[in-house]
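These notes are meant for a colleague who is opening this entry without having seen it before. Please keep the sequence and the model in view while reading the points below.

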Amino acid sequence: MQRAVPRSLASLDSWSRGSSALHRFDPRAKLIALLALLVAVATANRSIPRFALAVLLFLVAGFLWARLPVAGALARAAVILPFVAVLAAVLWIGGQGERAWALAAKSYLSALAALLAMATTPLPRLLGGFEKLGAPRFLLEVAQFLYRYLFLLPEEAQRMRQAAAARSMRPGIREGFRAAAGALAVLFARSYARAGAIHHAMLARGFNGRFPEMQTAHFRKADAVFAVVASAVPWGLRLL
Amino acid sequence: MHIPDGFLSTPVWAALDIAAAPSVAYIARRAQRGFEESRAPLLGVLGAFVFAAQIINFPVGPGTTAHLVGGALLSFTLGPAAASVAMTAILAIQALVFQDGGVLALGTNIVNMALVGVAAGYLPYALWGGGPRRRLAMFAGGVLSVLSSALLALSELAASGVKMSGGVLATAMALFFVSAILEGAITVAVIEAIERIQPRAARHPASPMHLEKPRFQRSPLPAMIGLAALLLSTVGVLLASTQPDGIQRLGERTGIAARVRMLLHTPLSNYHASFLQSDVGGKVLAGLAGIALVYAACVLVGRAFFRRAVVRNRSI
Amino acid sequence: MTACPLIQVRGLHYSYEDGTAALQGVDFRLDPGESVALLGPNGSGKTTFILHLNGLLAGKGAIEICGMKPDKANLPAIRRKVGVIFQDSDSQLFMPTVLEDVSFGPRNLGLEPKAAAGRALAALEAVGIAELRNRAPYHLSAGEKKRAAIAGVLAMEPEILVLDEPTTFLDPPAQRSLAALLSRLPQSKLVVTHTVAFAEAVCTRAVFFERGRIVAEGGVTEIAARFGWAFE
C-alpha cells in the first residue's frame, strides 16, 4: 500500500497537538479507555447494528469534544475499508454474508477509535506513557527515533522518485527494476550515514549509554475518572 | 497482511497478544545487548527507511509495480534480533499512525511479521549466506519472510472462523507466492546495489556466532524444526478450514471425541462441553496448537540465534 | 567560566579505514577568546580535524584540550568543554521537541529533569527561540533548527564552540542573524565555512587547509585573498 506518508503523517501529528480537554488527559487514561472500547467491540455478538451506531455516535462526540474535523476523521479511518472489503468478500463467498457486515463494522469502528486516541495524543507522549507502564525501553526508543525521522526519509525518497521520473523515458522493466534497487541502495546508505551522524551528535553532548526518561503527562485524579467513565460507556452501550 | 481489528476471534488475538508481549521484551533485550542503548537511532532510522522504501516502485509487469516489504533485508543488515525490534516498531507505527493493522491485532501482526517473518527470512541466510550460494540464500530469505507471515495470517483468520473454500485458498496462496517471489527478487537486487556502495552492509552470517570455537552447529537446527512445525500446523489449520467437518469426523472416527466428552462431562457437567462437536471448537484447537508452536518457535529461535553476546567494534 | 588555556594540536595524522590519509600532520592552536575560521577545499580535512577535538575520532599525534588529552577518562570533561555543532541540524535535533532536545546534554550531565529544563530554557533564550520550545524539530525553519542545535550545545556550558559549515541551508538574512548571534556569544570559536563574508563577520583569524595540512595562517581577508577564496 503506497501511502503519501508525509501528508497523512503531518495531518495526524498536527491533530495530536491540539489543546482540547481530551488532548490534555494522560495518555495512559486514553489507552485504557481505548482498549476497553476495542474489547467491547471485538467481543460483541448480538444486536450489532444498534451497538455499532451507538459506538459511532460516541466516537463522533469524542472528535467534536477534541475539536477535530469529524468528516476528515471518518474519511481517514475509512482507509482500511478496501482491505476489509476483500476479507468481507471472502466471508461472503464462504456463505457467511451477515458476518461480513458485522466484521466490517467492527473493523471500521476499531480503526476510528484508535484514530481518536492517536489524534489526541502526540505519539512521543504515548511512548512515554508506555515507558511508565513498563514496556521495553529499547523498543520505545527505537519507535521514538523512527517517528522523528519518518518526517524526513520518505520525503527524500519522494524527491528521488520525482527526479527519476523527470529523467526517464519509459524504461523497460529491467532498467526500471535496477534503477529502483539503486535508489533504495542510495537511500539505505544515506540512512546509515545519518544514523552515524546522530550517534556522533549524541556522543558530542555527553551520551553515556542510556537515554533520559521520556516525557509524558502526570496521572491525576481527573485522568482516573476519565478512564473509568470512558471505559464504562461502550460496555454500557452493549446493554442497549 | 496487516490484519485489522474485528476479524480475528477473541481466543486468537488474545492468545497472540499474550504470546507476543514476553517474546518482544526478550528480543528487545537481546537486540540491546546489555545496557547499551546507542543502537536505537540506527534501528529507528532504518525503520523510517522501510517506510520510505515503500514509496519507490519496482516495475514487475505492464502497469504493475511492487515495493520492498523489508523484513529479510533488515535481518541481513542488522541481524535477526535487531531486525525484529525494528519491525515491531514499524508495525506499531503503522497501526497507530496509519491505521494499517489493528490495535488488538498488533500482537498477531508482530508475531507474524516481526518474529516469525524475520526469523524465517534469516534462516536461509544463516545457513548459506556465508557461502557461494549467497544470492540464492538471500532470495530464499525474502521469499520465506513474506510466505511464512502470510500463511500464518491466513491460518489465524481460518482459526477465527473465516471459512475459506478451496478456490479462495488457492487464489490467496497464488497471490502470496507471487508477492513472496517478488520480495525475494527485490531483496537480492537491493542488497547487491547496497553492497556496491557499502561493501559490508549485510553482515556475514557467521559473525554473530563466532565467539567460541566452532563446535557442533546447533544454532539452525532447533530453529528449522520450530519453523517446520509451525508451517505444518498452519497448513493444517488452513486445510481444516476448507473441511469444517473434517476435524469432527476425525475426532469421532478415532474415538477421541467420545473420550474427551466423557472426560469433560463429569467435572463440568453444567458447562456446554460439546464444543468439540462444533466447527468453532475444532478450529480453535488447531489455532491454539499453532499459536503454541509459534511461541515455542520464537523461544527456540531466540535461544538459538541470540544467545551470543557480540563484542562489536564500537566507535568511541 | 574559568579561563581555559587553549586547544593545542601537534603533528596530527589520521587515515580512514580504507587507507585514505585525511590528516597529514596538522599543527593548530586556539587561545582563549579567539575565533578562528577554518577555510579550505572540500576533502582537505577540516571536518576530520574537528572530529578529533571532542574525541569522536582518534588519530596519531598530540592533542590537548584545556590541558587534557582525549583519552577515555577525559572524554566526558572534554565533551563538556568543546561543543560541536554539526553541519546537518536534522541529525543533531533528534528528540521529539526542541526543549527535550536542548535538555539532552544537561540530562547526560546528571541534572534532574526540572534543572535540565531550566538550563535548556536559558540556552534557548540566549539564542532567541525560547518561544519554540515545545515545537517538534520538523516544524522549524533551517535557521531555527541551527539556533536550536546551538542552544543544545550551549546548555552544556562549553568554553569552546566548534561549528561545521553553519551557513549551509541558510538564506542570507538567516546567515546575517547567525553571524550576529555568534559574535554575541562569549565562547572561543572554531568555524568551518566556505563563506568568507561570514568568516569575516565572526572570526579574527583564519587557517587554510589543503590536503590534510594547514598551509597558511593569518587574517581572514588576507587568507581569502591569498587563496582566491572570496566569491567575487
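**Notes on chains B and C**

1. A good place to begin is a single pair of residues in chain C, where Leu38(C) stands opposite Val192(C), the latter belonging to strand 7 of chain C. The model is a predicted one, and the pairing described here should be read with that in mind.

2. The two strands concerned are strand 3 of chain C, covering residues 35–39, and strand 7 of chain C, covering residues 188–192, which run parallel and are joined by four bridges. Both take part in an open sheet of six strands in chain C, whose order is 5-6-7-3-8-9 and whose pairing is mixed. At the edges of this sheet lie strand 5 (82–85) and strand 9 (213–218) of chain C, each of which pairs on one side only. From one strand to the next, the twist averages 20°.

3. Chain C also holds an open sheet of three strands, in the order 2-1-4, in which the pairing is antiparallel. Its edge strands are strand 2 (21–30) and strand 4 (60–65) of chain C, and each pairs on one side only. Here the twist from one strand to the next averages 15°.

4. Within that three-stranded sheet, seven bridges link strand 1 of chain C (residues 7–15) with strand 2 of chain C in the antiparallel sense. One residue pair to look for is Tyr14(C) with its bridge partner Leu23(C), which lies in strand 2 of chain C.

5. Turning to chain B, the reader will find 11 helices and two strands, and the order from the N terminus is α-α-β-β-α-α-α-α-α-α-α-α-α. Of the 316 residues in chain B, 54% are buried. Among contacts in chain B between residues at least 6 apart in sequence, 79% join residues that are at least 24 apart.

6. Which elements of chain B give two or more residues to the side that touches chain A? As background, 63 residues of chain B are in contact with 72 residues of chain A. The elements in question are helix 1 (10–32), helix 2 (40–53), strand 1 (58–61), helix 4 (80–98) and helix 7 (166–197) of chain B. The largest share, 13 residues, comes from helix 2 of chain B.

7. As for the classes of residue on the side of chain B that touches chain A, 43 are nonpolar, 13 are polar and seven are charged.

Terms used
Residues numbered from 1 in each chain as written. Chains lettered and ligands numbered in written order. Predicted model: local features only at pLDDT ≥ 70, side-chain atom pairs only at ≥ 80, totals over all residues. Contact = placed C-beta atoms within 7 Å. Nonpolar A, V, L, I, M, F, W, Y, C, P; charged D, E, K, R; others polar. Pairing = 2+ DSSP bridges. Axes fitted to C-alpha atoms, helices over the stretch in contact; angles between N-to-C directions. Buried ≥ 20, exposed ≤ 12 C-beta atoms within 10 Å, placed from the backbone.
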